[in-house]
Amino acid sequence: MTKSFEAQPEAPLTVNRTATKSYALQESALIKWTFITISLLFLSLFLILPLVSIFVTALEKGWETYIASITHPDALSAIKLTLTVVLIVVPLNAIFGIAAAWVITKFSFKGKNLLITLIDLPFAISPVIAGLIFILLFGAQGLFGEWLYQNDIQIVFAIPGIVIATLFVTFPFVARELIPLMQMQGITEEEASISLGASGFKTFFLVTLPNIKWGLLYGLILCNARTIGEFGAVSVVSGHIRGMTNTMPLHIEILYNEYQFTAAFAVASLMSLLAIITIVIKNFIEWKAEKS
Amino acid sequence: MELTLKKRKRNTIIPGFSLTLGYTMLYLSIIVLLPLSMIFFNTFSMSWSEFFETISHPRAVASYRLTLSTALAAGLMNVVFGTIIAWVLVRYQFPGKRIVDGLVDLPFALPTAVAGIALATLYAPNGWIGQFFDFKIAYTPLGIIIALTFIGLPFVVRTVQPVLQNLGIEIEEASASLGANRLQTFFKVIFPELIPAVITGFSLAFARALGEYGSVVFIAGNMPMETEITPLIIMTKLEQYDYAGATAIATVMLVASFIFLLIINIIQWYTNRKFNQF
């Protein structure tokens with residue numbers, strides 16, 4: 001994709017258009033390396049050092065403290081709760097994303113643009129507000145509060161609240177990746193499949209799904225990362241009950257506020273590893289998608 | 001041609017229209033629309049004077065000012081450095097480039113709370129970076145700007161990068177052969193092409209920064225009137241079971257972000273028209 005802007009003095013002019021080193025088409029080496037240095041310095045201060053500091057602080061007091069921090073019962077229950085939330089939220093938003101992308105890209109109907117805008121809406125809303133709306137809906141003084149209390153159902157300050165607030169925050173991820181992809185691919189392949197007698201579901205699984213698998217996986221990865229890391233919305237609805245409604249980010253917050261820095265960074269290092277794995281998978285998907 | 005195309009689409013043989021539309025609408029209503037309508041529903045149940053008093057409280061007003069100014073400063077930081085990084089990643093070869101490119105996505109993948117504690121520790125007066133500065137960075141508005149810059153960086157880089165990649169070298173060659181030097185070519189030929197992407201990247205980063213909570217609370221210090229962001233005011237009111245107050249402030253934030261999105265859309269429309277008129 002990117003053309004090489006490196007000068008190649010030996011190459012004959014007719015072969016390579018950028019053969020002669022010309023400052024009209026490229027910057028001097030001085031400017032080039034100044035820009036590279038600025039970029040690397042900026043990224044070091046804002047991205048690299050924070051990442052390195054997490055692992056250094058986590059291991060400051062040795063492996064034993066590290067292992068003890070991440071195998072503490074509260075930490076383990078936080079990890080378990082976070083995984084539970086992921087297993088519920090990611091599939092639900094994936095099914096929605098596929099359904100929404102299907103209806104938006106395979107059919108034309110009135111109000112389609114409004115629907116796309118509404119799907120993107122959660123991205124424009126503060127996570128704290130995302131938590132607040134579910135308190136207003138399911139809290140003790142909320143719209144359904146009375147009814148839920150009488151039927152002894154707890155949503156807010158319990159796991160269902162965490163799940164539904166996370167569903168809201170990560171709502172657009174899969175749909176947003178699939179819509180432009182499926183738009184580009186058009187409807188001809190599906191039409192061919194249907195007119196040859198395949199059922200709708202068979203067409204989806206045998207024709208559409210193989211076409212969108214990388215885009216879908218990409219959306220799932222992003223949705224998964226945000227689900228694991230969501231803090232603001234979950235913080236509002238969880239009630240911070242230790243060992244019960246603490247997800248990993250909330251557990252980190254409690255440890256940090258109690259000045260248990262090593263333990264906080266130990267759990268944070270686990271989440272950073274997950275983030276690094278996410279980036280590696282994302283790059284792998286991009287590479288795969290580019291190849292196909 | 002267009003008419004037949006439309007007709008064909010309407011009579012498409014692809015099944016599942018009512019199923020997927022119905023499911024999409026139902027799920028959207030339950031997860032997003034109904035809960036979000038609660039904000040306006042609850043605001044309307046407040047009296048006007050009560051509402052106005054809450055949203056114009058000096059502490060709230062100070063938080064609006066802080067949130068807006070830090071989000072703006074972080075957005076501008078990202079415009080400058082994000083564009084440089086995108087340029088470097090597209091145009092230059094240097095060792096470790098692939099890793100740097102991947103790393104730009106870190107703020108998308110790293111949980112905000114993790115970023116928050118890491119940045120707070122680094123930029124604290126005795127931290128790795130903070131110790132080299134005579135003035136405080138963490139626990140001041142500067143710290144908030146740092147956290148918001150971290151959060152917003154990939155938005156700018158990832159919107160400018162593909163535009164730069166798709167920019168043909170032909171227009172630069174044309175510019176050079178017409179006698180422009182490199183600086184002129186950049187500012188008069190390349191930069192105008194980047195403006196719509198830069199604006200989009202800025203607005204995405206800015207919108208995210210307005211509502212950001214997790215990465216900011218740890219580094220902000222959270223002093224009322226000084227380093228208290230608006231999402232934190234909502235949080236504090238919720239902890240005091242002041243749901244009406246929290247909702248009123250949330251309404252201000254929602255209205256502000258909608259107005260901002262509208263302005264951005266108008267600017268986008270204007271710049272697209274201006275630069276595509278040839």
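**Notebook: chain B and its meeting points with chain A**

I began with the surface of chain B: about 13200 Å² is exposed, and carbon and sulfur atoms supply 67% of it. A reminder to myself that this is a predicted model.

Next I looked up the overall build of chain B. I found 13 helices and zero strands, so to speak an α element at each step from the N terminus on. Along the principal axes, the C-alpha atoms of chain B fill a box of roughly 65 × 65 × 35 Å. Of the 278 residues in chain B, 54% count as buried. I also checked contacts in chain B between residues at least 6 apart in sequence, and 73% of these join residues at least 24 apart.

Then I turned to a helix pair across the two chains. How do H7(A) and H2(B) lie relative to each other? Helix H7 of chain A (residues 159-169) and helix H2 of chain B (residues 17-44) have axes that come within 10 Å and cross at roughly 95°. That falls in the 65 to 115 degree range, and the two helices are therefore roughly perpendicular. From H7(A), I noted A:Ile164, A:Leu167 and A:Phe168 in the contact, and from H2(B), B:Tyr27, B:Ile31, B:Val32 and B:Leu36. Sorting these contact residues gave me seven nonpolar, no polar and no charged.

My last stop was A:Ser272, which sits in helix H13 of chain A (residues 261-291). Is A:Ser272 buried or exposed? Its relative accessible area is 0%, and under 20% means buried, so A:Ser272 is buried. Leaving aside residues up to four places away in sequence, A:Ser272 touches A:Leu51, A:Ile54 and A:Phe55, along with B:Leu110 and B:Val114 of chain B.

Methods: Residues numbered from 1 in each chain as written. Chains lettered and ligands numbered in written order. Predicted model: local features only at pLDDT ≥ 70, side-chain atom pairs only at ≥ 80, totals over all residues. Heavy atoms only, no water. Axes fitted to C-alpha atoms, helices over the stretch in contact; angles between N-to-C directions. Helix = DSSP H or I, 4+ residues; strand = E, 2+ residues; numbered from the N terminus. Parallel < 35°, antiparallel > 145°, perpendicular 65-115°, else oblique. Contact = heavy atoms within 4.5 Å. Nonpolar A, V, L, I, M, F, W, Y, C, P; charged D, E, K, R; others polar. Buried < 20%, exposed > 50% of the residue type's maximum accessible area, 1.4 Å probe, protein only. Areas by Shrake-Rupley, 256 points an atom, 1.4 Å probe, with all protein chains shown as cover.
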